[in-house]
Amino acid sequence: MQFKKFLSVVLLLCVLMSSCMVAASAAEVRYADTAANAEISEVGKDYGLMDNIQDGNILHCFCWKHTDIIEMLPEIAEAGFTSVQISPPQSTAGTGTWWWFYQPQGFYIGSGAMGNKQTLIQLCTEAEKYGIKIIADVVANHLAGDHSNIQNDLKDSKYWHTYGGGAHDGDRNSVINGTIGMPDLNTAHPYVQQCVRDYILELKECGVDGIRWDAAKHIGLPSEDDDFWPAVTDDTGIYHYGEILNNPGVDRNSEQGKSLLNEYCQYMSITDSTYGMDLRNAFNSGQAPDHSGVLTELDIPANKMVYWGESHDTWSNNHDWGYSNDMTQNVIDRAYAVVGSRAGATALYFSRPSTANKDSIQIGAKGSTHFTSAEVAAVNRFRNAMHGQAEYLTSGSNCTVVCREQGAVIVAGSGSNFSVSVPNGGSLVKPGTYIDEITGSIWTVTSSTISGEIGSSGIAVVYNPTFEPTVSVSQRGGTFKTDTLSLTLTLANATSGTYSINGGTAETFTGTETITIGEGVAAGSTITLEVTATDGTTTNTKTYTFIKADPNASGIYFDNGDKNWNEVYCYIYNDSGEVSKWPGTKMTKEGNNLWFTEVPEDFETCNVVFSNGSGDQTPGAQEPGFAYSGSPMIYKNGNWEEFTPGSTTPTTPPTPTKPTATETIPTETTTPAKPEGKVLLGDVDLNGEVNIRDASTVQAYIASQRTITGKALFAADTDLNGEHNIKDAALIQKYVASMVISQPVGKYIDYNGDIVPTDPPEVTVPTTPSTPSEETVTIRFIDGASWGNAKAVCWKNSDSQQRDEYEMRSIGNNTFEAQIPAGYDKIYFTNGYQWCQDQNFPANGGTFDYYAGWK
């Protein structure tokens, strides 16, 4: 299936002729006067940042301290982000875990682990120096469930909805009047509106440039007799965007759904969360996505869209709808490369916390700095450089291609380090010679094709066409630990070139030349390479500096063959402290998947943890680091062992064969070898249980990114048809979600596919009567909102921050059940995104109906 191909200029004309023109124009008038559009500082201009938020991209520093963001502002600007989104500054009902952010006490700036009003002012002041805008997250739909500590003047019942049930999609009235875990504010009341508006103006006085409205779809619109949005956004002079997850509470394709979405756009930009989910799911399965957006296909203007590859909701809510926390950072980066290079829409890049466990993500903890990577920065700079230019989306050779007038972003569905030729959609990209801003490789654009080599990230960002003579070098400086280093020099728009090593004789070459540096040079020496390119009229010169390191020096090595991380970080610590804060020092890539970092003298005895800086690490979070005692060591294929540099060739995974534009990826049709005995169907990692990671493994196998053999391959064929395709992964996902399926996923089968009984557990007869270790009660939940799954969250009043989560199992008739230890004081039910309001814990157990309460 091909993209719906279009030019943004044509789309703009359609928008201007649409029925929402008047409303959109009104919103644009307000937006045009905003402080977010104020003249950018001279420093900001140096970074090429945009004058307003919608025209650039957003970095989400989720849970970060204000002071940590301040320290990173130079790197954020260098990475091309126009804006930074911070977590809600409101005073919270609790501390520690991130979800307290979304249980505020009122509409005033709080003081806690993230910061306070003074640090917020400091952040805004420093950010302005770089031309960076600050967006504050605001929670206005509800306040904390415990009303004893909320804002005093909002305790009166007239300020609260009394709908009596939870919100559920499909019933717009419940969405805007029901609860999503906490009591729902009566946002139509003028005093509530005034409290919120005063808070927004307070944030503006601190220097905040924009607002992200949490749960925006749960707040009504003027057409629904709620004037909240014009009351809190009109004439504030700042940017606004609202969280609209999946749909506006009704079918987004219906006339009512379209009308509601367009009405929201009169006051703010809105999120297209489903588009982000579609993109990351496609890349996660090894396929280049083939559509241009969900809401824009409903004629919502692109310049009212906020896109992302993932968000704090998809990362931090365990395995809730559309989750991304079991996907690699590279999968998300590929999705971001698509949305971050689009015309009109702004894109949000999420800084991943160091853990994906919902209850372990802490307020004030600094997240990943992977946003500084070459591929992310290149996408942002491309977006900024292409401002005002048309776009054309297309695909080919399992690559998604975002064409703009002066360049293109090419994103591979899977694989890396391969040559490719993709369509020049609509002949939009001007023919010429271009440079990939990530790798420095040369790309050629004709009226019909864009051709070059995609690097290790699977992303190429080509723009700023050059018609002057240039020479590219396969490695642009840096350290190498081998005795010699081979470099490839490639000319473009040039008749000839020269190279000179350490000021020696200039050697002439044409086309492509491979040279060697380092031979006979002592370790620790600096080597300078000067290259020139000429077309007979113009000559351009570049200089690169290399350092030949001592291969026998003490240090830490990482063989990236089995992990295939884009970047590798090494966290080094001992009793005296740490070399640098988590995730540690970024290691240097030395070729052939080998990465290296030196160890400071005072850390010759230490522990080591490797990570990709974005959630994946080894050893695991609950395990001690690898022990290091001064001699060279390497992590390789799961082992931590002594290493003699130069003695071993690190592993290199094979480069996947890419299908041509007319080919399809074949389905595996080889019947797996029949295992002896029995196998748990769907248990692909053979750990005795079937979970979502098994589905991900099947997807990776289909995309040729993972090898499965033997019993695991048999277990992966969940429909028992002798083939492996996406249906097998889907069956595992349905099983995990407790959906009804006809195949015996989660059951033991023999090699003929017949179900076999499990062996009964051995029972030891006690010599004395046993006593239950803890008294339990039966809790049931009637799922009137059709969540499809449920968990119970319980806690004691003596320690409200310690909340215990219990999975509930389906017992039929939309009812879920769990055995829960007695003794708790409070309980609520959730599917990970939606909640029922906090309840008193029933001492003797009971059944809670989503609509009717306890029975």
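D137 touches Q85, I86, S87, P88, P89, Q90, Y102, R212 and D214, with residues up to four places away in sequence left out. The model is predicted, and this aspartate is a good place to enter it. D137 sits in strand β5, which spans residues 133–138. Its relative accessible area is 0%, so D137 is buried. One of its partners, S87, is 50 residues away in sequence. In space, the C-alpha atoms of D137 and S87 are 5.4 Å apart.

Two partners of D137, Q85 and R212, also appear in the wall of a cavity. The second largest cavity is lined by H60, Q85, R212, Y241, E243, L245, W308, S311, H312, D313 and L348. Its volume is about 60 Å³. What is the make-up of this lining by class? The residues divide into 4 nonpolar, 4 polar and 3 charged. A probe the size of a water molecule, rolled over the atoms, shows where empty space is left. The count here comes to 7 cavities of 30 Å³ or more.

Now step back to the whole chain. The chain holds 16 helices and 48 strands. Of its 855 residues, 56% are buried. Contacts between residues at least 6 apart in sequence can be sorted by separation: 70% of them join residues at least 24 apart. The pair D137 and S87, 50 residues apart in sequence, shows such a separation.

Helix packing comes next. Take helix α5, residues 117–129, and helix α7, residues 190–206. Their axes are 8 Å apart, and the helices pack at an angle of about 55 degrees. Are α5 and α7 parallel or oblique to each other? An angle of about 55 degrees falls outside the range under 35 degrees that counts as roughly parallel, and below the 65 to 115 that counts as roughly perpendicular. The two helices are therefore oblique. On the α5 side, the contact is made by K117, L120, I121 and C124. On the α7 side, E202, L203 and C206 take part. By class, this contact has 5 nonpolar, no polar and 2 charged residues. An α-helix has 3.6 residues a turn, so residues three or four places apart point the same way. The spacing of K117, L120, I121 and C124 in α5 can be read with that in mind.

A second helix pair has another geometry. Helix α12 covers residues 329–339, and helix α13 covers residues 374–385. Their axes come within 9 Å and cross at roughly 10 degrees. That angle makes α12 roughly parallel to α13. D333, Y336 and A337 in α12 meet E375, V376, V379 and N380 in α13. The residues of this contact divide into 4 nonpolar, 1 polar and 2 charged.

Helix α9, residues 255–264, shows what can cover a helix. Its buried residues are G257, L260, L261, N262, E263 and Y264. The cover over them includes α6 (172–177), α8 and β8 (269–271).

The loops deserve a look too. Start with T369, in the loop between β10 (346–350) and α13. Is T369 buried or exposed? Its relative accessibility is 13%, so T369 counts as buried. Beyond its neighbours within four places in sequence, T369 is in contact with W64, M72, Y569 and G613.

Two other loop residues have unusual places in the backbone description. D225 lies in the loop between β6 (210–213) and α8 (228–233). Its phi is positive, about 65 degrees, although D225 is not a glycine. With 70% relative accessibility, D225 counts as exposed. D299 is found in the loop between α10 (273–284) and β9 (305–308). Phi of D299 is also positive, near 70 degrees, in a residue other than glycine. D299 has a relative accessible area of 56%, and so is exposed.

Finally, turn to the cis peptide bonds. Which residues does the bond with omega of about 10 degrees join? W582 and P583 are joined by this cis bond. P583 is in the loop between β29 (577–578) and β30 (585–586). The peptide bond from T618 to P619 is cis as well, with omega near -5 degrees. P619 is in the loop between β34 (617–618) and β35 (626–628).

Notes: Residues numbered from 1 in each chain as written. Predicted model: local features only at pLDDT ≥ 70, side-chain atom pairs only at ≥ 80, totals over all residues. Heavy atoms only, no water. 1 Å grid on protein atoms, 1.4 Å probe; cavity = no way out; pocket = protein on both sides within 12 Å on 5 of 7 lines; lining within 4 Å. Points joined across faces, edges and corners; volume = space filled by probe spheres on them. Nonpolar A, V, L, I, M, F, W, Y, C, P; charged D, E, K, R; others polar. Axes fitted to C-alpha atoms, helices over the stretch in contact; angles between N-to-C directions. Helix = DSSP H or I, 4+ residues; strand = E, 2+ residues; numbered from the N terminus. Parallel < 35°, antiparallel > 145°, perpendicular 65-115°, else oblique. Contact = heavy atoms within 4.5 Å. Buried < 20%, exposed > 50% of the residue type's maximum accessible area, 1.4 Å probe, protein only.
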